[in-house]
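Visitor: I am new to this structure and should be grateful for a close look at a single part of it. Please explain also how that part fits into its surroundings.

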Amino acid sequence: MEKLGATERKYLLAVYLTLNQMGWTRLKKVSTFLKVKMPSAKQFLERLSDLGLVYYETRGGISLTPEGKRIAISENANFNAVKMFFCEILQLDQTQSDEAAWNIYFNLDLGTVSRFSDFARFLVEDEGKEVVEKFKSFLKQPRKILAPCPLNVQNKEEK
């Protein structure tokens with residue numbers, strides 16, 4: 001299996017997240033979910049079909065192959081760990097967390113995602129909880145106005 005690029009991974013996750021109870025979705029639903037035009041979505045869904053990750057026929061339903069489902073479930077778990085970081089740790093609301101996760105997750109390599117996920121788990125488990133609680137408390141404090149750092153700009157005449 002070829003290594004999937006970020007866009008293919010994004011579309012595969014979008015298919016997974018838009019599946020109905022019967023286990024299929026539609027091109028329009030995927031394109032709306034990703035906020036892209038249908039021709040763009042069609043192109044990537046055809047690519048995923050060629051890779052054997054989705055079953056896709058023009059004007060038909062779209063579903064995941066067993067391999068596509070395996071990858072999508074893994075992507076979803078990793079994506080949720082990144083989203084949890086924004087929601088549970090940085091205390092962003094649901095909409096902000098979703099947007100931040102979609103904007104950042106697919107720009108990270110899988111090794112970085114794994115480390116990010118481990119760090120998020122550390123912060124919400126055991127000794128890391130104390131750090132998160134201190135940060136929550138910090139966010140509730142009034143902002144202190146700090147003087148900007150002075151610039152170290154030397155006058156050309158001094159040289």
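**Helix H6 and its setting**

Guide: From the N terminus on, the elements of the protein run α-α-α-β-β-α-α-α-α, which gives seven helices and two strands. Helices (H or I, at least four residues) and strands (E, at least two) are DSSP runs, numbered from the N terminus. The model is a predicted one, in which local features need pLDDT of at least 70 and side-chain atom pairs count only at pLDDT 80 or more, while totals for chains, interfaces and linings use all residues. Residues are numbered from 1 along each chain as its sequence is written, and side-chain values use heavy atoms, with hydrogens and water left out.

The part chosen here is helix H6, residues 110-124. Its 15 residues, at 1.5 Å a residue, should span 21 Å, and the end C-alpha atoms are indeed 21 Å apart, in agreement; the expected span is 1.5 Å times one less than the number of residues. At the start of H6, a side-chain oxygen of Asp109 comes to within 2.9 Å of the backbone nitrogen of Gly111. This is a polar contact (N or O atoms within 3.5 Å; within protein, one must be able to donate a hydrogen and the other to accept it, and residues adjacent in sequence count only if both atoms are side-chain atoms). Just after H6, Asp126 adopts a positive phi of about 40°.

Which residues of H6 are buried? They are Val113, Ser117, Ala120 and Leu123, where buried means under 20% relative accessible area, exposed over 50%, and partly exposed in between (1.4 Å probe, protein chains only). Viewed down the axis of H6, these buried residues fall within an arc of 125°, so they line one face of the helix; the arc is that of the directions from the helix axis to the C-beta atoms. An α-helix has 3.6 residues a turn, so residues three or four places apart point the same way. The cover over the buried residues of H6 includes helix H4 (66-89), helix H5 (94-105) and helix H7 (128-140).

Two of these covering helices, H4 and H5, are joined by an aromatic pair: Phe79 lies in H4 and Tyr105 in H5, so the pair ties together parts that are 26 residues apart in sequence. The ring centres of Phe79 and Tyr105 are 5.7 Å apart and the planes stand at 90°, so the pair is edge-to-face. Rings of Phe, Tyr and Trp (its six-membered ring) pair if their centres lie within 6.5 Å; planes under 30 degrees apart count as stacked, over 60 as edge-to-face and the rest as tilted. Phe79 is buried at 3% relative accessibility, and Tyr105 is buried at 0%. Ring pairs join Phe33, Phe79, Trp102, Tyr105 and Phe106 into a cluster.

There is also a wider setting. The largest nonpolar core (buried Ala, Val, Leu, Ile, Met, Phe, Trp, Tyr and Cys residues joined through side-chain atoms within 4.5 Å) has 35 residues, of which Leu12, Leu45 and Val54 touch the most other members. H6 is among the elements that each supply at least two residues of this core, and H4 gives the most, with seven residues. Leaving aside neighbours within four places in sequence, Leu45 is in contact (heavy atoms within 4.5 Å) with Val15, Leu27, Val30, Val54, Tyr56 and Ile62.
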